[in-house]
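Hi,

Here's the structure I promised to pass on. Have a look at it first, and then read my notes underneath.

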Amino acid sequence: MHKFIAISILFILLLSCNERTVHSEYQATKGNSWSKNDTIKFSFSELDTVIPYDMFINIRNDNTFPYSNLFLITELTYPNGESVRDTLEYEMAMPDGQWLGKGYGSIKENKLWYRENIVFPDTGVYTLLLSHAMRKNGSVDGVVDLSGIVDVGFEIEKSK
């Protein structure tokens, strides 16, 4: 039994290694639900200031996620205080209802493009803020608790 566990851990570590990935981080939501008032904050630093990177937003959802798309508000703040704010839409399911993303069982992980070939020109701490901006059709008020979102993360890779 111990050999099986050791081999399984080694296999997982080998599969999870990616030489291009320079930063990856996740935060779990409370009760698999993302509150409208819960802005998720990630901070990172120590990136090469001349090479380009690709940034991704990673979303893990389960079968209770009630929509086929996801609207996000992002804000990337640079060490000098400047920030860039975006509203983004991502497809989470195909028209027939089949979930996009990878994974077996009830949880799917979506690796969503955020920024491509971005250079981080300044040294210091960068901050990425993520919040959802989901609304029901015909409703002005946003969805208060977005069910089915298990984890929210982001990843930085060296560009190809």
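Below is what I found, going through one sheet strand by strand.

One thing to keep in mind: this is a predicted model. The part I looked at is an open sheet of four strands, paired antiparallel in the order 3-8-5-6. At its edges sit strand 3 (40-44) and strand 6, each of which pairs on one side only. On average, neighbouring strands in this sheet are turned by 20° against each other, direction ignored.

Let's start at the strand 3 edge. Strand 3 runs antiparallel to strand 8, and five bridges join the two. If you want a spot to click on, find F44: its bridge partner in strand 8 is Y126.

Next comes the pairing of strand 8 (residues 126-132) with strand 5, again antiparallel, with six bridges between them. Here L72 has H132 as its bridge partner in strand 8.

On to the other edge. Strand 5 (residues 69-77) and strand 6 (residues 83-91) are joined by nine bridges and run antiparallel. A good place to see this pairing is I73, which stands opposite T87 in strand 6. These two strands make a hairpin, with five residues between them. Which residue in the turn has a positive phi? That's G81, at about 95°.

While you're turning the sheet around, remember that side chains in a regular strand alternate between the two faces of the sheet. It's handy when you follow a strand along by eye.

Cheers

Definitions and conventions: Residues numbered from 1 in each chain as written. Predicted model: local features only at pLDDT ≥ 70, side-chain atom pairs only at ≥ 80, totals over all residues. Heavy atoms only, no water. Pairing = 2+ DSSP bridges. Axes fitted to C-alpha atoms, helices over the stretch in contact; angles between N-to-C directions.
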